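Reader: I would like to go through a model with you, starting from the chain as a whole and ending at single residues. Please keep the reasoning short.

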Amino acid sequence: MTFDFRIFLTLLAFVALAFSPAADAQNRLGATELNVPATLLAESREVRPGQNVTLAFLMEPKPTWHGYWENPGDAGIGMSFDWKLPSGVTAGQAQFPVPDRLLIAGIMNYVYKGDYAVLVNLSLPKNLRPGPLPISVKSEWLSCTDEICVPEQDEMAITLQVVASDSAIQRDKRFDDFRQALPRPLGSEARFSVNQNLFRLSVPLPADVAMDDPYFFIKEDGIVDYAAPQRFNRDGDRLILETAARGDDLDTITGILKIGDHDGFLLTATKGEVAMTGVPLATESGTSDGNGTLLFLALGGALLGGLLLNLMPCVFPILSLKAISLAKAGGNEAEVRRDALAYTAGVVLVATALGAILLGLRASGAAVGWAFQLQDPRIIFVLLALVTAIGLNLAGLFELANVNFGDKLTRKGGAAGSFWTGALAAFVATPCTGPFMAAALGATIVLPPVAALVIFAGLGVGLALPFLLIAFVPAIRSRLPKPGPWLDGFRKAMAIPMFLTSIGLIWLLGRQIGTDALGLALVFLLGVALLLWWFGGGQVKGRSRGALASAAIVAAIAGGILMLPGEEAMENRQLANTATATLPSEPFSETRLSELRASGQPVFAYFTADWCITCKANEAAAIQRTETADAFAAANVSVLMGDWTRPDPDISRFLEKHGRAGVPLYLYYAPGKDPVVLPQVLTVATLTDLVTGPVQSARLATTPQ
């Protein structure tokens, strides 16, 4: 029989409290001298009948004091709640944030050392009448330092106001931060085993998700030795834990897998066979080396991914500008090298700046990913106006001192133009996700900020690499044609890909805002084109209209932005876009995914965006095909689509959980099995093989439709 430190320390704490003058003073003061004081908050003081409201116990430990997780570990007491609720109102289970560890003299404690919030959802009946709704609760918890423990309690109350169903409600925005500290649902079921005094846990987790000192906090008592070290192995897309066991009397356990500071996954595990396979994961002392290896691999992926972006249709039109610059320079070594370095500087600076903004938004609690700027129709409209203007310039409608739009910024002519061309190429490259990029950008989720910025800069270097090779490899540079009369025709031909880009942006804008709003936006775009035509006509006549034309163009673009529709209209438009799909789907949510998996149904989940060229190519070539739809229907596969065209924090968090910073992401969930992460380039056979097997898939593909 083992000695339970928790019972001993708890009894000792209560005895100390009973005979302590300080404790008696605390009772007399009505819990005003608490060491871990609690404040009861409501996400909204106004509530509607039949809906839920979230309450928070905001715990604010004094310096050197700490509170405990719901399973306190070897010693301590979890928090308890004794509710006094109006008739029909019920309180759900308490939700705790990701805890920390505190090891004292071989005794492991699961604690909170700083401010934290425990959330509880209240369910309200539909028959509530408007008026005050008093809520009260008596809560007890244990507060400790490294030397002493004091049981504490408080009676807290809050009065909510029941309002009509159509009444406005004011939210407390602090609850966004409270929820951010909660563990995220893993979404996939783990397995555990207890054998020969060893506890093992196998967790499905993508291989490209890095971790900083992982640890598993188990909710159920008596299963593991809390103070024993936890060893982790990585075996492909599974993380395997081994530690000392205490007991083996449960078929299901729950807990939190912590993967970083205040970051973790809430998981459920069922009993099964677990082998300690794979390779050992870096320990806490080896985290820097692990991050160094991850940084090296991710940087290589970013360089290769950036290089391959030059072949993607979203970047090629902008490269036409650089092609004109190279053609004008001919084989002039100094000019070509200068322009290549300036172009590289523009690409790297913008790629790094976008990465810094992305990291900053994530640090502030926003759930965003790569290409976040193209989720805003205002930016798309400005980009559309800019690309259209570039196309009209290349076509000869108006002239600037240099087609690269930078000659007036520097006496050396093309350097500034090359810089801004590179900046534009990096900005419009973000919708494309090519090979090697997904893992590289996914690594930025878990790497330190400085290392993540190196990855973004590496992506820019890869994008600029072809022009650096042309500039600094004489054998390549010598093949450049000499400038001549052919250059004017080449320049006009390069207007075609710019206009094709404009058409693509018009389609994207229409998908986000609808045809009615698009028509109005195009009126303002037409105004921009007419102003440029008027500006070009003045040039032919030798008249200077630059200042007036610039002011009018800015006004036209601003007017187009102001006329764009609001968030609600765009969300409704997104729902309408899925109505006529060949492969029908439901909107993705983790709740719906869990429901389908619990029912034993196979699920195909894909995450896309209208501005993602790779996504649209896969949908046209593989997903939205009759063969795929027929195979999925025959196998009763449910399809969930996560549309990331507009910002969606839930989808952003799900992508992060699978080690992705952007779309596309394709997952197949077979009944009772871990999800299969599909490649980023799909074929019909890739999808139909999931449910029919290769032979039947080939027969299906050749069957007349």
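Author: The questions and answers below concern this predicted model.

Reader: How many helices and strands does the protein chain have, and what percentage of its residues count as buried?

Author: The secondary structure comes to 21 helices and 25 strands. The chain has 705 residues. Residues under 20% relative accessible area are the buried ones, and their share of the chain is 51%.

Reader: Among contacts between residues at least 6 apart in sequence, what percentage join residues at least 24 apart?

Author: The count takes contacts in the protein chain between residues at least 6 apart in sequence. The part of these that joins residues at least 24 apart is 76%.

Reader: Which residues have the most contacts inside the largest nonpolar core?

Author: This core has 64 residues. Its largest share, five residues, comes from strand β11, residues 149-162. A second, separate core has 51 residues, including A495, A556, L640 and F654. In the largest core, the residues with the most contacts are F57, L133, F199 and L201.

Reader: Is S193, a contact of F199, buried or exposed?

Author: S193 is found in strand β13, residues 190-195. Leaving aside residues up to four places away in sequence, S193 touches L198, F199, R200, G272 and V274. Its relative accessible area is 9%, and the cut-off is 20%, so S193 is buried.

Reader: How far apart are the end C-alpha atoms of helix α7, and what span should its residues give?

Author: Helix α7 covers residues 377-395, and 14 of its 19 residues are buried. At 1.5 Å a residue, α7 should span 27 Å. The C-alpha atoms at its ends agree with that, because their separation is 27 Å.

Reader: Which residue follows α7, and what is its phi?

Author: The residue after α7 has a positive phi, near 95 degrees. That residue is G396. Helix α20 is likewise followed by a glycine with a positive phi, near 70 degrees, namely G659.

Reader: Where does H262 lie, and what is its phi?

Author: Most residues other than glycine have a negative phi. H262 is in the loop between β18 (252-260) and β19 (263-271). H262 is partly exposed, with a relative accessible area of 45%. Although H262 is not a glycine, its phi is positive, about 60 degrees.

Reader: What is the phi of N636, and which elements lie on either side of its loop?

Author: N636 is another residue other than glycine with a positive phi, near 55 degrees. The buried residues of the helix before it, residues 626-634, are E627, T628, A629, A631 and F632. The loop that holds N636 lies between α19 and β23 (638-643).

Reader: Which acidic residue forms a salt bridge with R184, and how far apart are the closest N and O atoms?

Author: Side chains of opposite charge can pair when their charged atoms come close. R184 is in strand β12, and its partner is in strand β19, 79 residues apart. R184 counts as buried, at 16% relative accessibility, while the partner is partly exposed at 27%. The partner is D263, and the closest N and O atoms are 2.6 Å apart.

Reader: Which residues are linked in a network of salt bridges?

Author: The count of salt bridges comes to 19. One of them joins D176 and R171, with the closest N and O atoms 2.9 Å apart. D176 is partly exposed at 40%, and R171 is partly exposed at 42%. The network that includes this pair is made of E43, R171, D176 and R179.

Reader: Which residues make the nonpolar surface patch of about 350 Å²?

Author: Helices α4 (287-309) and α10 (449-472) each give two or more residues to the patch. L465 lies in α10 and is partly exposed, with a relative accessible area of 30%. The patch is made by L304, L307, L465, L469 and I476.

Reader: How far apart in space are A661 and L358?

Author: A661 is in the loop between α20 and β24 (665-669). At 4% relative accessibility, A661 counts as buried. A661 and L358 are 303 residues apart in sequence, and their C-alpha to C-alpha distance is 9.8 Å.

Technical notes: Residues numbered from 1 in each chain as written. Predicted model: local features only at pLDDT ≥ 70, side-chain atom pairs only at ≥ 80, totals over all residues. Heavy atoms only, no water. Buried < 20%, exposed > 50% of the residue type's maximum accessible area, 1.4 Å probe, protein only. Helix = DSSP H or I, 4+ residues; strand = E, 2+ residues; numbered from the N terminus. Expected span 1.5 Å × (residues − 1). Core = buried A, V, L, I, M, F, W, Y, C linked by side-chain atoms within 4.5 Å. Contact = heavy atoms within 4.5 Å. Patch = residues over 30% accessible without salt bridge, like charges linked within 9 Å, V, L, I, M, F, W, Y side chains within 5 Å. Areas by Shrake-Rupley, 256 points an atom, 1.4 Å probe, with all protein chains shown as cover. Salt bridge = Lys/Arg side-chain N within 4 Å of Asp/Glu carboxyl O.
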